[in-house]
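Biologist: I would like to learn how to read backbone oddities and ligand sites in a model. Can we go through one together?
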Amino acid sequence: MLKGKNIVLAVCGGIAAFKAAALVSQIIQAEANVKVIMTKSAKEFITPLTFQALSRQPVYDNTFIEPDPTKIAHIDLADWADVVLVAPTTANVIAKLANGLADDMLTTTLLATKAQVYVAPAMNVNMYSHPAVLRNVETLKRDGFTFVDGSEGFLACGWTGKGRMAEPEDLLQVLKSHFTVKTRALAGKRVLITAGPTQEKVDPVRYFTNHSSGKMGYAIAQAAKDQGADVILVSGPTSLQVPEGIQVEHIISAQEMYEAAMKYYHQADIVIKAAAVADYRPSETFTQKRKKQNGDWFVGMERTIDILKTMGENKNSQILIGFAAESEHVEEYATKKLQAKNLDLIVANNILMKGAGFKGDTNVITTITKDGKKKEYPLLSKAEAAISILNDIASYMERKGNL
Ligand code: CTP
């Protein structure tokens, strides 16, 4: 997968720089070429010689060292890269990149490259949640950078939380997935995606909902758009920003999601139902706030319409993809759903597994297709999981002769 590929690894000044050395070794073992850029601060943590020895390439740490007069080093490096990974990435470099600054080898190269850039942040949990950093991260995401977060855990500064750099094995997986992507397989396809939870109202102040954050569906929407698909997103209430260039319909309840999704269903080539639709809603609702009363309150619940099942029953040529969040017998239950709802592919996850499920930035997925192909993935960022799902959809469509 990585054999012969040209990878630029940009290392910033953080304690996780030592993990970048392990990553270089793994990239070399995967028979790819890797050239390392170091910031001035990175050299406080690890020496260029380490990377030079591991990569068997000169290390780039000064924009003004131009050993070959026929070339300009940072442009040459920017053009050489098939992919760029910044790991670890500090808050400072995130800020510089978000503002287009170009004052060293790393920033000049990144500004000049046309290659996809992956960013693996590493910093203190409070720095990572600072509004300024979050703002810069959002800017970079809009500019097309892909963030790869590590799992939450113990940080070198003594705090526990988000900010650990992703492990070298996971970053290697990201690089591998990058090259297995059928880059523009879905270009021009009309893709309808549902995402997020639904809210089922009881009265003007109360509702039933679930823990869905919408992140998985939004990541799929972004990845499909990146492939050149024409994306319509039907979204339940989330705090996420809709990626640019995506048509969105915001809905609240399962019934509204049904109506919005069905509006687009018949024009869609591919339908991906990542939403966590409420299966039940209160059978009685109140237009005024229900005042508390003595004793208990029993709320009757009635079934909502199963949108995916209805789509499956009314399928023409659409490729239909559903999700199955299970806590046991994952494959068995997911396969049953695939058949019961007349799906082409189902994305199953065990919500009890570490790193899987609703709220986080990672997921552990298994895809199962109608023609019996099963793929199990390791822990991936939701962005990576989204690419893998789209890849599997494209392969399925190729097998069916639809691509
Ligand atoms: N779904 C839907 N409409 C509903 C409920 C679910 O379209 N009213 C879709 C979801 O978007 C998801 C898939 O169906 O793609 C989930 O299947 P479902 O059978 O609803 O899973 P669970 O709700 O977990 O069902 P169960 O309790 O049977 O496991």
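Biologist: Where does His329 lie?

Modeller: This is a predicted model. His329 lies in the loop between strand E16 and helix H13, which spans 330-340.

Biologist: What is phi of His329 near?

Modeller: Start with the general idea. Most residues other than glycine have a negative phi, and most peptide bonds are trans. Now the case here. His329 has a phi near 45°, a positive value in a residue that is not glycine.

Biologist: Which residues does a cis peptide bond join?

Modeller: Ala87 and Pro88 are joined by one, with omega about -5°. Pro88 belongs to strand E3, residues 83-89.

Biologist: Now the empty space. How many residues line the second largest pocket?

Modeller: The general idea comes first. Rolling a probe the size of a water molecule over the atoms shows where empty space is left. Here, the second largest pocket holds about 740 Å³ of space. Its lining has 32 residues. Nearest the centre of this pocket are Ala275, Ala276, Val277, Phe323 and Ala325.

Biologist: Which elements give two or more residues to that lining?

Modeller: Helix H10 (215-226), H12 and E16 do. By class, the lining divides into 14 nonpolar, 10 polar and eight charged residues.

Biologist: Where does the ligand sit?

Modeller: In the second largest pocket. Two elements give two or more residues to the shell around the ligand: helix H12 (307-313) and strand E16 (319-326).

Biologist: How many residues surround the ligand, and which are the closest?

Modeller: The shell has 14 residues. Lys273, Ala275, Asp279, Ile305 and Leu308 are the closest. Sorted by class, the shell around the ligand has seven nonpolar, two polar and five charged residues.

Biologist: Let us turn to polar contacts. Which polar backbone atom is 2.7 Å from an oxygen atom of the ligand?

Modeller: For a polar contact, look for N or O atoms paired within 3.5 Å. A polar backbone atom of Lys273 is 2.7 Å from a ligand oxygen atom. For Ala275, a polar backbone atom is also found 2.7 Å from an oxygen atom of the ligand. Phe323 has a backbone N or O atom 2.9 Å from an oxygen atom of the ligand.

Biologist: How much of the ligand's accessible area does the protein cover?

Modeller: On its own, the ligand has 590 Å² of accessible area. The protein covers 73% of that.

Terms used. Residues numbered from 1 in each chain as written. Predicted model: local features only at pLDDT ≥ 70, side-chain atom pairs only at ≥ 80, totals over all residues. Heavy atoms only, no water. Near = heavy atom within 4 Å. Polar contact = N/O pair within 3.5 Å; in protein donor to acceptor, adjacent residues only side chain to side chain. Areas by Shrake-Rupley, 256 points an atom, 1.4 Å probe, with all protein chains shown as cover. 1 Å grid on protein atoms, 1.4 Å probe; cavity = no way out; pocket = protein on both sides within 12 Å on 5 of 7 lines; lining within 4 Å. Sits in = over half its atoms within 2 Å of the grid points. Helix = DSSP H or I, 4+ residues; strand = E, 2+ residues; numbered from the N terminus. Nonpolar A, V, L, I, M, F, W, Y, C, P; charged D, E, K, R; others polar. Points joined across faces, edges and corners; volume = space filled by probe spheres on them.
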